[in-house]
Amino acid sequence: MKKIAIFAKVHDPRSLGVAEELIEWLAARGVTAHVEEHLSRRLRRTTLAESSESSEIARDADLVVVLGGDGTLIAAARLIGECDVPILAVNLGSLGFLTEITLDELYPSMERCLAGDFEVTERMMLLASVERAGQMVELHRVLNDVVINKGALARIIDMETSVTGRYLTTFKADGLIISTPTGSTGYSLSANGPILHPELECISITPICPHTLTNRPLVVDASAQIAIKLNYAPDESVFLTLDGQVGMKLLSGDVVQIRKAPHVTRLIQSRSKDYFEVLRTKLKWGER
């Protein structure tokens, strides 16, 4: 590996310190470190790294290292989803469902990566588009979920939902969560959605506080194309949120369409733990 891209939680002094140490460690081994522009502005001037725009940093990278929590990883995954480059996600946050590598494992893991000795798990992503008056006005790629949610004072939303051209139902609820298996332990889980193994190829549809108690979460095949037409009073506020980080206001009559993305997020696996251990630890199973 000759070029390694680094993303870090730029407002966290601990992440900045780890990034600077890693850059120096790589330079001593003849490896070029590239950092995204926001991180570059916060590092010390003596740091041996090159800077690139966030959207371009992973174009020619052999590896991406993410320093932070799950939110930092999710943001990085949206930026580099088309580059097909493996990601080493180091947990400097609190929960860390996705960032499996601990700080103590960083340099042993880096040694194995430089030697090409690592295993990768592939996580499916979604493409979400918004169609307004017959025209696509937004298109986004997400790793976790697409959420339709009403504003604080809005009434229940009518969401006419179809799956691959076949009418499913009109959800009357506070919102709807369309999630990947990776995102099943996020917002979807808090809305009583199912926990899905992250390597499955499927999509979950979970209503938020449905008016009809028989509306339950549904899991469909990854090949499904989900379309949701929104119907509500013009003075209501309804929003689309992508991975909990990017959002926009929707209009009544908009159609949100979700399908499997053609690219995946490739995560380097920890050798010290498996997915079920992560579940037991993070959800505190067996402790009471």
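In this predicted model, the largest cavity is lined by Leu88, Ile101, Ser109, Arg112, Cys113, Asp117, Phe118, Ile268, Gln269, Ser270 and Arg271. The space inside the largest cavity is about 60 Å³. Helix α4 (residues 106-114) supplies the largest share of this lining, with 3 residues. By class, the lining of the largest cavity holds 5 nonpolar, 3 polar and 3 charged residues. The count of cavities of 30 Å³ or more is 3. Such spaces are found with a simple test. Rolling a probe the size of a water molecule over the atoms reveals where empty space remains.

The second largest cavity encloses about 50 Å³. Its lining consists of Ala77, Ile80, Gly81, Asp84, Val85, Ile87, Val264, Thr265 and Arg266. Two or more of these lining residues come from each of α3 (70-80) and β17 (255-268). The top contributor is β17, with 3 residues. The lining of the second largest cavity comprises 5 nonpolar, 2 polar and 2 charged residues.

The nonpolar cores were examined next. In soluble globular proteins, nonpolar side chains tend to be buried together. Here, the largest nonpolar core contains 30 residues. Ile148, Ile178 and Leu250 have the most contacts inside this core. Strand β6 (residues 120-132) contributes the most to this core, with 4 residues. The contacts of Ile178 were listed without residues up to four places away in sequence. On that basis, Ile178 touches Leu126, Asn144, Asp145, Val146, Ile203, Ser204, Ile205, Ile226, Ile228 and Ile258. Another core, of 27 residues, lies apart from the largest one. Leu22, Val65, Leu106 and Ile268 are among the members of this other core. Ile268 also appears in the lining of the largest cavity.

Helix α1 was then considered. Helix α1 spans residues 13-27 and has 15 residues. From its first C-alpha to its last, α1 reaches 21 Å, close to the 21 Å expected at 1.5 Å a residue. The buried residues in α1 are Ser15, Leu16, Val18, Ala19, Glu20, Leu22, Ile23, Trp25 and Leu26. An α-helix has 3.6 residues a turn, so residues three or four places apart point the same way. Leu22, buried in α1, is also one of the residues of the 27-residue core. The buried residues of α1 pack against two helices, α2 (37-40) and α4, and against strands β1 (3-8), β2 (32-36) and β4 (63-68).

Definitions and conventions:
Residues are numbered from 1 along each chain as its sequence is written. This is a predicted model: local features need pLDDT of at least 70, side-chain atom pairs count only at pLDDT 80 or more; totals for chains, interfaces and linings use all residues. Side-chain values use heavy atoms; hydrogens and water are left out. On a 1 Å grid over the protein atoms alone, a cavity is a set of points where a 1.4 Å probe fits but cannot get out, and a pocket is an open set with protein on both sides within 12 Å along at least five of seven lines; lining residues have an atom within 4 Å of a point. Grid points are joined across faces, edges and corners, and a volume is the space filled by probe spheres set on the points. Ala, Val, Leu, Ile, Met, Phe, Trp, Tyr, Cys and Pro count as nonpolar, Asp, Glu, Lys and Arg as charged, and the others, Gly among them, as polar. A nonpolar core is a set of buried Ala, Val, Leu, Ile, Met, Phe, Trp, Tyr and Cys residues joined through side-chain atoms within 4.5 Å. Buried means under 20% relative accessible area, exposed over 50%, partly exposed in between (1.4 Å probe, protein chains only). Contact means heavy atoms within 4.5 Å. The expected span of a helix is 1.5 Å times one less than its number of residues.
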